[in-house]
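Biologist: Could you take me on a close look at the ligand site of this model, and then at a few backbone and side-chain details elsewhere in the chain? I'd enjoy one connected walk-through.

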Amino acid sequence: MTPPAAESLRERAIAVLRANDRGGYTVPSAGLYPFQWNWDSCLVALGWACFDEPRAWQEIETLFAAQWPDGMVPHIVFHRDDPGYFPGPAVWATGRRPASSGITQPPVAASCVRWMLERAVDREAALAAVARLFPRLLAWHAWFHRARDPEERGFVATVHPWETGMDNSPAWDAPLAAVVPAPDLAPYERRDLAHVDAAQRPTRAEYDRYMTLVQLFRELAYDPAEMVARSPFLVVDPGTNAILLRADRDLAQLARILGEKEAEARIGIWIARAEAALPRLLADPESGLWHAFDLRRECRIPARTHAGFLAFLAGLGDARLAATLDHWVDTTRYALSSVPAGDPAFDRRRYWRGPVWPVANLLIGRGAQERGAEKAARRLRRDTAALIAGGGFREYFDPLSGEGLGGACFGWTAAVWLAWIDQPGRDRGPDDWSDPLK
Ligand code: DGY
(Lines give C-alpha, C1' and ligand atoms only; values in the text may rest on other atoms or scores of the structure.)
Protein backbone atom coordinates (compact mmCIF):
# COMPACT_ATOMS: atom_id res chain seq x y z
CA MET A 1 0.00 0.00 0.00
CA THR A 2 1.22 3.50 -0.79
CA PRO A 3 1.83 5.53 2.38
CA PRO A 4 0.33 9.04 2.54
CA ALA A 5 3.69 10.85 2.28
CA ALA A 6 4.46 9.07 -0.96
CA GLU A 7 0.97 9.78 -2.27
CA SER A 8 1.34 13.53 -1.79
CA LEU A 9 4.82 13.47 -3.31
CA ARG A 10 3.34 11.82 -6.38
CA GLU A 11 0.80 14.61 -6.63
CA ARG A 12 3.48 17.21 -6.14
CA ALA A 13 5.66 15.58 -8.80
CA ILE A 14 2.78 15.68 -11.27
CA ALA A 15 2.18 19.33 -10.36
CA VAL A 16 5.84 20.16 -11.14
CA LEU A 17 5.57 18.66 -14.62
CA ARG A 18 2.29 20.44 -15.29
CA ALA A 19 3.71 23.77 -14.07
CA ASN A 20 6.78 23.36 -16.31
CA ASP A 21 4.69 22.39 -19.34
CA ARG A 22 4.94 25.06 -22.05
CA GLY A 23 2.60 23.29 -24.47
CA GLY A 24 4.21 20.21 -26.02
CA TYR A 25 7.51 20.53 -24.19
CA THR A 26 8.61 20.82 -20.58
CA VAL A 27 11.17 23.31 -19.29
CA PRO A 28 13.62 21.78 -16.79
CA SER A 29 13.07 24.62 -14.30
CA ALA A 30 11.25 27.93 -14.84
CA GLY A 31 13.70 30.85 -14.83
CA LEU A 32 16.99 28.94 -14.72
CA TYR A 33 16.33 26.77 -17.78
CA PRO A 34 13.39 28.24 -19.73
CA PHE A 35 13.67 26.17 -22.95
CA GLN A 36 13.52 22.53 -24.04
CA TRP A 37 16.69 20.65 -23.12
CA ASN A 38 17.41 17.40 -24.94
CA TRP A 39 18.13 14.82 -22.26
CA ASP A 40 15.97 16.56 -19.69
CA SER A 41 13.05 16.27 -22.05
CA CYS A 42 13.49 12.55 -22.73
CA LEU A 43 13.83 11.74 -19.04
CA VAL A 44 10.91 14.00 -18.16
CA ALA A 45 8.83 12.00 -20.64
CA LEU A 46 9.29 8.99 -18.35
CA GLY A 47 7.49 10.98 -15.67
CA TRP A 48 4.68 12.09 -18.00
CA ALA A 49 4.28 8.45 -19.08
CA CYS A 50 3.24 7.56 -15.53
CA PHE A 51 0.04 9.60 -15.76
CA ASP A 52 -0.45 10.97 -19.31
CA GLU A 53 0.93 8.76 -22.08
CA PRO A 54 -0.05 10.96 -25.06
CA ARG A 55 1.72 13.92 -23.43
CA ALA A 56 4.82 11.77 -22.87
CA TRP A 57 5.02 10.83 -26.56
CA GLN A 58 4.44 14.44 -27.52
CA GLU A 59 7.44 15.51 -25.42
CA ILE A 60 9.79 13.31 -27.46
CA GLU A 61 8.17 14.18 -30.77
CA THR A 62 8.50 17.92 -30.09
CA LEU A 63 12.20 17.43 -29.41
CA PHE A 64 12.73 15.46 -32.60
CA ALA A 65 10.86 18.07 -34.64
CA ALA A 66 13.98 20.19 -34.02
CA GLN A 67 16.33 17.52 -35.42
CA TRP A 68 18.82 18.90 -37.93
CA PRO A 69 18.82 17.56 -41.51
CA ASP A 70 22.06 15.67 -40.84
CA GLY A 71 20.44 13.80 -37.91
CA MET A 72 21.89 15.81 -35.01
CA VAL A 73 19.44 16.58 -32.21
CA PRO A 74 20.44 19.85 -30.50
CA HIS A 75 20.97 20.16 -26.78
CA ILE A 76 18.58 23.13 -26.45
CA VAL A 77 15.52 24.02 -28.53
CA PHE A 78 14.55 27.68 -28.17
CA HIS A 79 10.84 27.46 -29.00
CA ARG A 80 10.44 31.08 -27.90
CA ASP A 81 12.98 33.58 -26.69
CA ASP A 82 13.54 34.31 -23.00
CA PRO A 83 15.90 37.05 -21.84
CA GLY A 84 16.40 35.24 -18.51
CA TYR A 85 18.87 32.73 -20.01
CA PHE A 86 22.34 33.09 -21.45
CA PRO A 87 23.48 32.08 -24.07
CA GLY A 88 20.20 32.35 -25.96
CA PRO A 89 19.34 31.82 -29.63
CA ALA A 90 20.99 35.03 -30.87
CA VAL A 91 24.33 33.95 -29.44
CA TRP A 92 24.13 30.46 -30.92
CA ALA A 93 22.92 31.89 -34.25
CA THR A 94 22.55 28.47 -35.84
CA GLY A 95 19.93 29.74 -38.30
CA ARG A 96 17.66 26.76 -37.58
CA ARG A 97 13.88 26.69 -37.29
CA PRO A 98 12.95 26.14 -34.53
CA ALA A 99 15.95 27.99 -33.15
CA SER A 100 18.39 25.71 -31.40
CA SER A 101 21.89 25.38 -30.06
CA GLY A 102 24.53 23.79 -32.30
CA ILE A 103 25.78 20.96 -30.07
CA THR A 104 24.10 17.81 -28.79
CA GLN A 105 23.63 15.94 -25.49
CA PRO A 106 23.76 12.34 -24.18
CA PRO A 107 21.36 10.29 -26.35
CA VAL A 108 18.95 8.87 -23.78
CA ALA A 109 15.97 9.10 -26.16
CA ALA A 110 15.92 5.54 -27.53
CA SER A 111 16.18 4.07 -24.04
CA CYS A 112 13.36 6.27 -22.80
CA VAL A 113 11.23 5.34 -25.81
CA ARG A 114 11.78 1.63 -25.18
CA TRP A 115 10.98 2.09 -21.48
CA MET A 116 7.77 3.94 -22.37
CA LEU A 117 6.72 1.32 -24.91
CA GLU A 118 7.24 -1.53 -22.47
CA ARG A 119 5.11 0.11 -19.81
CA ALA A 120 2.47 1.60 -22.10
CA VAL A 121 -1.14 0.98 -21.18
CA ASP A 122 -2.18 2.09 -24.67
CA ARG A 123 0.11 -0.26 -26.57
CA GLU A 124 -1.38 0.56 -29.96
CA ALA A 125 -0.77 4.29 -29.61
CA ALA A 126 2.70 3.58 -28.23
CA LEU A 127 3.62 1.37 -31.19
CA ALA A 128 2.39 4.05 -33.59
CA ALA A 129 4.55 6.67 -31.82
CA VAL A 130 7.56 4.32 -31.89
CA ALA A 131 7.08 3.73 -35.62
CA ARG A 132 7.02 7.50 -36.19
CA LEU A 133 10.06 8.13 -34.01
CA PHE A 134 12.21 5.20 -35.11
CA PRO A 135 13.67 6.74 -38.32
CA ARG A 136 14.54 9.91 -36.39
CA LEU A 137 16.18 7.97 -33.55
CA LEU A 138 18.13 5.92 -36.07
CA ALA A 139 19.25 9.09 -37.88
CA TRP A 140 20.48 10.61 -34.61
CA HIS A 141 22.46 7.50 -33.66
CA ALA A 142 23.86 7.30 -37.19
CA TRP A 143 24.92 10.95 -36.86
CA PHE A 144 26.71 10.20 -33.58
CA HIS A 145 28.60 7.26 -35.06
CA ARG A 146 29.41 9.08 -38.31
CA ALA A 147 30.15 12.62 -37.12
CA ARG A 148 31.76 11.82 -33.80
CA ASP A 149 33.52 8.57 -34.68
CA PRO A 150 34.59 9.22 -38.26
CA GLU A 151 37.37 6.63 -38.06
CA GLU A 152 35.00 3.94 -36.72
CA ARG A 153 37.07 3.34 -33.60
CA GLY A 154 34.09 2.40 -31.42
CA PHE A 155 33.82 5.55 -29.29
CA VAL A 156 32.29 8.96 -29.93
CA ALA A 157 33.98 12.28 -29.26
CA THR A 158 32.50 15.21 -27.36
CA VAL A 159 33.41 18.79 -28.28
CA HIS A 160 31.97 20.82 -25.38
CA PRO A 161 31.42 20.12 -21.65
CA TRP A 162 27.73 21.11 -22.16
CA GLU A 163 27.37 18.12 -24.47
CA THR A 164 28.08 15.79 -21.56
CA GLY A 165 25.33 17.39 -19.47
CA MET A 166 27.87 17.37 -16.62
CA ASP A 167 29.27 20.80 -17.39
CA ASN A 168 31.83 21.41 -14.63
CA SER A 169 32.74 17.81 -13.83
CA PRO A 170 36.36 17.61 -12.61
CA ALA A 171 36.92 15.30 -15.56
CA TRP A 172 36.84 18.40 -17.78
CA ASP A 173 39.26 20.51 -15.69
CA ALA A 174 42.43 19.60 -17.61
CA PRO A 175 41.02 19.57 -21.16
CA LEU A 176 39.13 22.80 -20.48
CA ALA A 177 42.18 24.49 -18.98
CA ALA A 178 43.85 23.95 -22.33
CA VAL A 179 41.17 26.05 -24.06
CA VAL A 180 42.61 29.56 -24.36
CA PRO A 181 39.83 32.12 -23.84
CA ALA A 182 39.32 34.02 -27.09
CA PRO A 183 40.86 37.52 -26.85
CA ASP A 184 37.90 38.84 -28.87
CA LEU A 185 35.27 37.06 -26.77
CA ALA A 186 32.15 39.24 -26.80
CA PRO A 187 31.40 40.64 -23.34
CA TYR A 188 28.58 38.70 -21.72
CA GLU A 189 26.46 38.65 -18.62
CA ARG A 190 25.66 35.36 -16.95
CA ARG A 191 21.97 34.94 -16.12
CA ASP A 192 22.22 31.67 -14.18
CA LEU A 193 23.57 33.59 -11.17
CA ALA A 194 20.30 35.51 -10.91
CA HIS A 195 18.61 32.20 -10.09
CA VAL A 196 21.20 30.14 -8.19
CA ASP A 197 23.97 31.00 -5.71
CA ALA A 198 27.34 31.32 -7.45
CA ALA A 199 28.84 28.73 -5.04
CA GLN A 200 26.58 26.12 -6.65
CA ARG A 201 27.43 26.94 -10.27
CA PRO A 202 30.44 26.77 -12.63
CA THR A 203 33.06 29.53 -12.32
CA ARG A 204 33.65 32.54 -14.57
CA ALA A 205 36.88 30.96 -15.85
CA GLU A 206 34.87 27.92 -16.96
CA TYR A 207 32.21 30.10 -18.61
CA ASP A 208 34.85 32.04 -20.56
CA ARG A 209 36.01 28.75 -22.02
CA TYR A 210 32.47 27.46 -22.64
CA MET A 211 31.77 30.67 -24.57
CA THR A 212 35.09 30.51 -26.43
CA LEU A 213 34.06 27.09 -27.74
CA VAL A 214 30.60 28.38 -28.72
CA GLN A 215 32.23 31.28 -30.60
CA LEU A 216 34.53 28.88 -32.44
CA PHE A 217 31.69 26.55 -33.44
CA ARG A 218 29.66 29.51 -34.66
CA GLU A 219 32.62 30.60 -36.81
CA LEU A 220 32.80 27.04 -38.16
CA ALA A 221 29.09 27.27 -39.08
CA TYR A 222 28.53 24.18 -36.89
CA ASP A 223 30.13 21.94 -39.51
CA PRO A 224 30.49 18.63 -37.62
CA ALA A 225 33.76 17.57 -39.28
CA GLU A 226 35.32 20.97 -38.65
CA MET A 227 34.17 20.96 -35.03
CA VAL A 228 35.87 17.63 -34.38
CA ALA A 229 38.99 18.71 -36.30
CA ARG A 230 39.32 22.13 -34.67
CA SER A 231 37.83 22.02 -31.17
CA PRO A 232 40.62 22.40 -28.58
CA PHE A 233 38.32 20.44 -26.24
CA LEU A 234 37.91 16.89 -27.55
CA VAL A 235 37.20 14.09 -25.11
CA VAL A 236 35.66 10.65 -24.87
CA ASP A 237 33.02 11.02 -22.18
CA PRO A 238 32.22 7.78 -20.33
CA GLY A 239 28.67 9.05 -19.71
CA THR A 240 27.85 9.83 -23.34
CA ASN A 241 29.47 6.63 -24.59
CA ALA A 242 27.80 4.37 -22.01
CA ILE A 243 24.43 6.02 -22.66
CA LEU A 244 24.91 5.66 -26.43
CA LEU A 245 25.82 1.99 -26.15
CA ARG A 246 22.77 1.37 -23.98
CA ALA A 247 20.62 3.40 -26.37
CA ASP A 248 21.97 1.40 -29.33
CA ARG A 249 20.93 -1.82 -27.57
CA ASP A 250 17.47 -0.35 -26.93
CA LEU A 251 17.22 0.92 -30.49
CA ALA A 252 18.09 -2.56 -31.77
CA GLN A 253 15.22 -3.94 -29.69
CA LEU A 254 12.86 -1.34 -31.19
CA ALA A 255 14.10 -2.35 -34.67
CA ARG A 256 13.30 -5.99 -33.84
CA ILE A 257 9.79 -5.07 -32.71
CA LEU A 258 9.21 -3.05 -35.89
CA GLY A 259 10.75 -5.73 -38.13
CA GLU A 260 13.45 -3.29 -39.31
CA LYS A 261 16.02 -5.95 -40.12
CA GLU A 262 18.51 -3.83 -42.03
CA ALA A 263 18.55 -1.22 -39.31
CA GLU A 264 18.99 -3.92 -36.68
CA ALA A 265 22.06 -5.27 -38.48
CA ARG A 266 23.51 -1.77 -38.80
CA ILE A 267 23.00 -1.06 -35.11
CA GLY A 268 24.59 -4.42 -34.28
CA ILE A 269 27.83 -3.22 -35.89
CA TRP A 270 27.85 -0.06 -33.72
CA ILE A 271 27.27 -2.18 -30.61
CA ALA A 272 30.04 -4.66 -31.39
CA ARG A 273 32.53 -1.86 -32.06
CA ALA A 274 31.71 -0.06 -28.82
CA GLU A 275 31.82 -3.25 -26.75
CA ALA A 276 35.33 -3.93 -28.01
CA ALA A 277 36.64 -0.37 -27.68
CA LEU A 278 35.13 1.20 -24.56
CA PRO A 279 36.44 -1.05 -21.77
CA ARG A 280 39.92 -0.93 -23.30
CA LEU A 281 39.97 2.84 -23.63
CA LEU A 282 38.09 3.89 -20.50
CA ALA A 283 38.25 1.26 -17.73
CA ASP A 284 40.79 1.82 -14.98
CA PRO A 285 42.69 -1.47 -14.54
CA GLU A 286 42.43 -1.32 -10.73
CA SER A 287 38.82 -0.34 -10.10
CA GLY A 288 37.08 -0.99 -13.38
CA LEU A 289 35.69 2.57 -13.08
CA TRP A 290 35.39 4.22 -16.49
CA HIS A 291 37.34 7.45 -16.83
CA ALA A 292 37.15 10.11 -19.51
CA PHE A 293 39.84 10.13 -22.21
CA ASP A 294 41.45 13.30 -23.56
CA LEU A 295 41.75 12.91 -27.33
CA ARG A 296 43.89 16.03 -27.74
CA ARG A 297 46.54 14.89 -25.28
CA GLU A 298 45.97 11.16 -25.89
CA CYS A 299 45.63 10.23 -22.22
CA ARG A 300 43.08 8.85 -19.78
CA ILE A 301 41.89 11.57 -17.40
CA PRO A 302 42.55 10.62 -13.75
CA ALA A 303 39.48 12.41 -12.28
CA ARG A 304 37.00 10.02 -10.63
CA THR A 305 33.35 10.90 -11.21
CA HIS A 306 30.05 9.05 -10.91
CA ALA A 307 29.79 9.04 -14.73
CA GLY A 308 32.20 6.08 -14.64
CA PHE A 309 29.46 3.91 -13.12
CA LEU A 310 27.31 4.37 -16.21
CA ALA A 311 29.34 1.41 -17.52
CA PHE A 312 26.64 -0.63 -15.75
CA LEU A 313 23.94 0.98 -17.88
CA ALA A 314 25.93 0.00 -20.97
CA GLY A 315 25.77 -3.61 -19.75
CA LEU A 316 29.50 -3.78 -19.08
CA GLY A 317 30.26 -3.13 -15.40
CA ASP A 318 31.74 -6.10 -13.53
CA ALA A 319 32.32 -7.19 -9.90
CA ARG A 320 35.27 -4.82 -9.44
CA LEU A 321 33.14 -1.90 -10.51
CA ALA A 322 30.43 -3.06 -8.09
CA ALA A 323 33.01 -3.14 -5.26
CA THR A 324 34.12 0.40 -6.16
CA LEU A 325 30.49 1.54 -6.07
CA ASP A 326 29.93 -0.16 -2.69
CA HIS A 327 32.87 1.76 -1.29
CA TRP A 328 31.89 5.10 -2.92
CA VAL A 329 28.34 5.09 -1.52
CA ASP A 330 29.83 4.95 1.97
CA THR A 331 31.89 8.12 1.51
CA THR A 332 28.80 10.30 2.11
CA ARG A 333 25.57 10.19 4.08
CA TYR A 334 23.54 10.30 0.86
CA ALA A 335 24.60 8.41 -2.26
CA LEU A 336 25.75 8.87 -4.95
CA SER A 337 28.01 11.90 -4.74
CA SER A 338 29.17 12.95 -8.19
CA VAL A 339 32.75 12.98 -6.86
CA PRO A 340 33.80 10.84 -3.87
CA ALA A 341 34.08 12.76 -0.60
CA GLY A 342 37.73 13.11 0.33
CA ASP A 343 38.78 13.60 -3.29
CA PRO A 344 40.63 16.95 -3.70
CA ALA A 345 38.06 17.98 -6.35
CA PHE A 346 35.08 17.25 -4.07
CA ASP A 347 32.88 20.34 -3.55
CA ARG A 348 29.65 19.32 -1.82
CA ARG A 349 27.51 22.20 -3.17
CA ARG A 350 28.91 22.93 -6.62
CA TYR A 351 26.88 21.40 -9.46
CA TRP A 352 28.71 18.32 -10.87
CA ARG A 353 31.63 18.42 -8.43
CA GLY A 354 30.07 16.66 -5.45
CA PRO A 355 26.27 16.93 -5.23
CA VAL A 356 23.94 13.97 -5.71
CA TRP A 357 21.85 14.07 -8.91
CA PRO A 358 18.62 12.05 -8.77
CA VAL A 359 18.72 11.50 -12.51
CA ALA A 360 22.26 10.08 -12.37
CA ASN A 361 21.15 7.82 -9.53
CA LEU A 362 18.29 6.55 -11.68
CA LEU A 363 20.54 5.71 -14.64
CA ILE A 364 23.35 4.23 -12.53
CA GLY A 365 20.92 2.48 -10.18
CA ARG A 366 19.01 0.78 -12.98
CA GLY A 367 22.25 -0.31 -14.63
CA ALA A 368 23.72 -1.57 -11.35
CA GLN A 369 20.56 -3.52 -10.61
CA GLU A 370 20.64 -5.17 -14.03
CA ARG A 371 24.30 -6.10 -13.57
CA GLY A 372 23.68 -7.71 -10.19
CA ALA A 373 25.01 -4.88 -7.98
CA GLU A 374 21.71 -4.92 -6.15
CA LYS A 375 22.82 -3.71 -2.75
CA ALA A 376 24.22 -0.47 -4.14
CA ALA A 377 21.24 -0.08 -6.49
CA ARG A 378 18.86 -0.29 -3.51
CA ARG A 379 20.93 2.26 -1.63
CA LEU A 380 20.84 4.70 -4.58
CA ARG A 381 17.09 4.37 -4.84
CA ARG A 382 16.49 4.69 -1.11
CA ASP A 383 18.76 7.75 -0.80
CA THR A 384 17.16 9.40 -3.83
CA ALA A 385 13.75 8.93 -2.23
CA ALA A 386 14.95 10.32 1.09
CA LEU A 387 16.58 13.35 -0.56
CA ILE A 388 13.50 14.26 -2.56
CA ALA A 389 11.14 13.56 0.35
CA GLY A 390 13.29 15.79 2.58
CA GLY A 391 14.44 18.50 0.17
CA GLY A 392 11.78 18.67 -2.55
CA PHE A 393 12.15 18.46 -6.32
CA ARG A 394 15.48 20.22 -6.48
CA GLU A 395 18.07 19.99 -9.23
CA TYR A 396 20.75 18.37 -7.00
CA PHE A 397 21.50 17.75 -3.33
CA ASP A 398 24.32 18.15 -0.82
CA PRO A 399 25.50 14.55 -0.22
CA LEU A 400 26.49 15.29 3.39
CA SER A 401 23.50 17.28 4.69
CA GLY A 402 20.80 16.36 2.16
CA GLU A 403 20.08 20.06 1.47
CA GLY A 404 18.37 20.70 -1.88
CA LEU A 405 20.47 22.86 -4.26
CA GLY A 406 20.38 24.45 -7.71
CA GLY A 407 17.08 24.94 -9.51
CA ALA A 408 13.74 24.36 -7.77
CA CYS A 409 10.66 22.51 -9.09
CA PHE A 410 12.97 20.56 -11.35
CA GLY A 411 11.33 18.51 -14.09
CA TRP A 412 13.55 15.46 -14.23
CA THR A 413 13.70 15.18 -10.45
CA ALA A 414 9.89 15.00 -10.47
CA ALA A 415 10.11 12.41 -13.26
CA VAL A 416 12.60 10.34 -11.25
CA TRP A 417 10.10 10.26 -8.41
CA LEU A 418 7.27 9.13 -10.66
CA ALA A 419 9.15 6.66 -12.83
CA TRP A 420 11.55 5.12 -10.33
CA ILE A 421 10.60 5.79 -6.73
CA ASP A 422 6.80 5.71 -6.90
CA GLN A 423 6.77 2.24 -8.47
CA PRO A 424 5.96 -0.39 -5.82
CA GLY A 425 6.10 -3.84 -7.31
CA ARG A 426 8.35 -2.85 -10.21
CA ASP A 427 11.91 -2.53 -9.00
CA ARG A 428 11.30 -4.12 -5.61
CA GLY A 429 8.67 -6.13 -3.79
CA PRO A 430 5.27 -4.53 -3.33
CA ASP A 431 5.60 -4.96 0.42
CA ASP A 432 8.69 -2.82 1.09
CA TRP A 433 7.17 0.60 0.50
CA SER A 434 8.46 2.17 3.67
CA ASP A 435 12.08 1.43 2.82
CA PRO A 436 12.97 4.34 0.51
CA LEU A 437 11.57 6.91 2.85
CA LYS A 438 13.56 5.81 5.88
C1 DGY B 1 23.58 25.63 -18.57
O2 DGY B 1 23.20 26.65 -19.13
O3 DGY B 1 23.95 25.59 -17.40
C4 DGY B 1 23.49 24.36 -19.29
O5 DGY B 1 24.01 23.30 -18.59
C6 DGY B 1 24.01 24.42 -20.69
O7 DGY B 1 23.31 23.44 -21.33
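**The ligand and its surroundings**

Modeller: Happy to! The residues around the ligand are Tyr 33, Trp 37, His 75, Tyr 85, Trp 162, Asp 167, Arg 201, Tyr 207 and Tyr 351. Please keep in mind that this is a predicted model. Sorted by class, that shell holds six nonpolar, one polar and two charged residues.

Let's go through the polar side-chain contacts to the ligand's oxygen atoms. For Tyr 85, a side-chain N or O atom lies 2.6 Å from an oxygen atom of the ligand. His 75 also places a side-chain N or O atom by a ligand oxygen, here at 2.8 Å. With Trp 37, the distance between a polar side-chain atom and an oxygen atom of the ligand is 3.1 Å. As for cover, the ligand on its own would expose 230 Å², and the protein buries 95% of that area. The place it occupies is the largest cavity.

One member of the shell deserves a second visit for its backbone. Tyr 351, which is among the residues around the ligand, belongs to the loop between α13 (319–329) and α14 (358–370). The phi angle of Tyr 351 is near 50°, a positive value in a residue other than glycine. Is Tyr 351 buried or exposed? Tyr 351 counts as buried, because its relative accessibility is 4% and the cut-off for buried is under 20%.

A positive phi turns up at Ala 221 as well, near 55°, and this residue too is not a glycine. Ala 221 is found in the loop that runs between α9 (204–219) and α10 (224–230). Here the relative accessible area is 59%, so Ala 221 is classed as exposed, the cut-off being over 50%. To put the two side by side: Ala 221 is exposed, whereas Tyr 351 is buried.

While we are on the backbone, let's turn to the cis peptide bonds. Phe 86 and Pro 87 are joined by one, with omega at about 0°. Pro 87 sits in the loop between β2 (76–78) and α4 (89–92). Another cis bond leads from Arg 97 to Pro 98, where omega is near -5°. Pro 98 is located in the loop between α4 and β3 (99–100).

Next comes a glutamine in a loop. Gln 105 lies between β3 and α5 (109–119). Its relative accessible area is 4%, and therefore Gln 105 is buried. What does the side chain of Gln 105 reach at 3.1 Å? That partner is the backbone nitrogen of Trp 39. The Gln 105 side chain also reaches the backbone nitrogen of Asn 38, at 3.5 Å.

For a last stop, consider a glutamine in a helix. Gln 58 is part of helix α3, which covers residues 53–64. Gln 58 counts as partly exposed because its relative accessibility is 37%, a value between the cut-offs of 20% and 50%. Gln 58 and Arg 22 are 36 residues apart in sequence, and their C-alpha atoms are 12 Å apart in space.

To return to where we began: the ligand sits in the largest cavity, with His 75 and Tyr 85 each placing a side-chain N or O atom by a ligand oxygen, at 2.8 Å and 2.6 Å in turn.

Note on methods:
Residues numbered from 1 in each chain as written. Predicted model: local features only at pLDDT ≥ 70, side-chain atom pairs only at ≥ 80, totals over all residues. Heavy atoms only, no water. Near = heavy atom within 4 Å. Polar contact = N/O pair within 3.5 Å; in protein donor to acceptor, adjacent residues only side chain to side chain. Areas by Shrake-Rupley, 256 points an atom, 1.4 Å probe, with all protein chains shown as cover. 1 Å grid on protein atoms, 1.4 Å probe; cavity = no way out; pocket = protein on both sides within 12 Å on 5 of 7 lines; lining within 4 Å. Sits in = over half its atoms within 2 Å of the grid points. Nonpolar A, V, L, I, M, F, W, Y, C, P; charged D, E, K, R; others polar. Helix = DSSP H or I, 4+ residues; strand = E, 2+ residues; numbered from the N terminus. Buried < 20%, exposed > 50% of the residue type's maximum accessible area, 1.4 Å probe, protein only.
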